[in-house]
There are 2 protein chains.
Amino acid sequence: MKIIHKIKDMVEFSENFRKDGKIIGFVPTMGYFHEGHISLMREAKKTCDIVIVSIFVNPIHFGKNEDFNTYPRDLSRDLKMIENLSVDAVFNPEVKEMYPDPEGLFTFVDIEGSLTKTLEGKSRTGHFKGVTTVVAKLFNIVVPHKAYFGQKDAQQCAVIKKMVKDLNINIEIIICPTIRESDGLAMSSRNTYLSAKERKTAPVLFKTLQMAHHMIELGEKDPKVILNEMKKRISKHHLISIDYISIVNPETIEPVNEISGKVLIALAIKLGKTRLIDNIAIQ
Amino acid sequence: MKIIHKIKDMVEFSENFRKDGKIIGFVPTMGYFHEGHISLMREAKKTCDIVIVSIFVNPIHFGKNEDFNTYPRDLSRDLKMIENLSVDAVFNPEVKEMYPDPEGLFTFVDIEGSLTKTLEGKSRTGHFKGVTTVVAKLFNIVVPHKAYFGQKDAQQCAVIKKMVKDLNINIEIIICPTIRESDGLAMSSRNTYLSAKERKTAPVLFKTLQMAHHMIELGEKDPKVILNEMKKRISKHHLISIDYISIVNPETIEPVNEISGKVLIALAIKLGKTRLIDNIAIQ
């Protein structure tokens, strides 16, 4: 497993395998791995010859009052966790390698319209602009055939798919299922922020999503009724403040008026000081 | 010479030559060729194995009151003009192939800051956002090693270079000199709009740029003095209204306070109803 810090070395590494006709799979991450990340790498290894993983905590997709500085980082822990996964290269650039001139004028990739302005986009102004920009950069550096993202960030998945389609980026986007702890909590690097008491409360998120799923299975068609029940259930926990709970079209992330076809039920809450998101996609 | 209309055919054409290790040169154009375009293709053929030319009048970089509808288009004329140039493929997509959903939300590539807001960016709001977006799309479709642009659009050259650098696009940008008529008028597809009388007046643009160059050679360091003389000279022609005349840094397109090092003298005028631009770069 090669550890690469410089863009030009990453470009060269990838180019050499491409020339040999190898299929390159790419897993972009912010590091501090959990089973969710590992599942993406396993999936990439199944269908590609070469797997490249990036670890980069991208400053421009964090808001001013968000956790960029405290986001957990531990490269040696991460490398140890994946040493048996046959990952071919880890790309771990410094911030100044990716943004040599962060103060000057800068090129952004941005999606206009509601897709990037609702849910996470509403709570985290400019977040998706930072995401699309860094992912476009990473795609141009790594030039993979396929790239792997987790369903846990459902809106991010929709945003990346839209960017790839609109800009004619010739990369197949593969979305892998959310990986959960045994009690249902979606794995997240931010779970490490939780106190023992908060951690014990956290599974209510998935339980509430499952309850909503169950209501739909029983025939409920009115999103308002479902959202009300969800809010009621979560509000019982005084440690939690709700940011949003929404039932949306999984591609456009626009709220639906009636449950029919595919929907995404997505939520974001604060549990103490920790912001957590989760969702389920319903066919 | 292959004529390609569909994105997937263009991707495949290019990919096959890349796999064979061929170096691909790309000349993006809006068609209605003149010697400026031809010179870019000749230059590409000199240094690349395969030359791909795109002809696409990009709606999103024209303003509402600009000449998108009347911009000259004549594919058979264009193809005839380049039949002996050993161009390997012409990519000529329809608008709906490039923008299948122009009404919906859309991904843009945009450069923040003054580079895209001054000169052409000031006169043509949103122009460079349309340029960077379509060029990013074309780069992703054609995936060339090198791309060729004309110095006549000096600010566009600076914008493309900035985009390529910021987004880590692995394409070498090559800027070729402005090609001029024998009387100095910079070649442009828009010259066809000029009446006989206007055409006779048009060479004053280059003459005025040359005069400015001469003033600098004689030691003039004050941009204000030079700009005044230029305005005086051009204003003698009542057919012309000046949009801007500016002396700027050729990379940042920011006005300079003193002539030293490289500068770009750029102007835009209206001659009757026709908007023309020209510039000279001074070392």
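## How the parts of this predicted model meet

Visitor: What makes up the area buried between chain A and chain B?

Guide: About 2500 Å² is buried between chain A and chain B, with carbon and sulfur atoms giving 50% of it; buried area here is the accessible area (1.4 Å probe) that two parts lose on being put together, summed over both. On the chain A side, A:L105, A:T107 and A:N168 lose the most area to chain B, together 27% of what that side buries. This is a predicted model, in which local features need pLDDT of at least 70 and side-chain atom pairs count only at pLDDT 80 or more, while totals for chains, interfaces and linings use all residues. Residues are numbered from 1 along each chain as its sequence is written, chains are lettered from A in the order in which they are written, and side-chain values use heavy atoms, with hydrogens and water left out.

Visitor: Why is the pair B:K129 and A:E112 called a salt bridge?

Guide: The term asks for a side-chain nitrogen of Lys or Arg within 4 Å of a carboxyl oxygen of Asp or Glu. The closest N and O atoms of B:K129 and A:E112 are 2.4 Å apart, so the pair fits the rule. Two salt bridges are counted between chain A and chain B.

Visitor: How do you know that strand 5 of chain A and strand 5 of chain B pair?

Guide: Two strands pair if DSSP finds at least two bridges between them, a strand being a DSSP run (E, at least two residues) and a helix likewise (H or I, at least four), numbered from the N terminus. Strand 5 of chain A and strand 5 of chain B (residues 107-111) share five bridges in the antiparallel sense, and therefore they count as paired. In one of these bridges, A:I111 has B:T107 as its partner.

Visitor: What makes A:R190 and A:D67 a salt bridge?

Guide: The side chains of A:R190 and A:D67 meet at 2.8 Å, N to O, which satisfies the salt-bridge rule. Across the interface of domain 1 and domain 2 of chain A, the rule finds two salt bridges.

Visitor: Where do the bounds of the domains of chain A come from, and how many residues of each domain are in contact?

Guide: The bounds come from an automatic or database domain assignment, which gives domain 1 (2-176) and domain 2 (189-275) of chain A. With contact meaning heavy atoms within 4.5 Å, 20 residues of domain 1 are in contact with 17 residues of domain 2.
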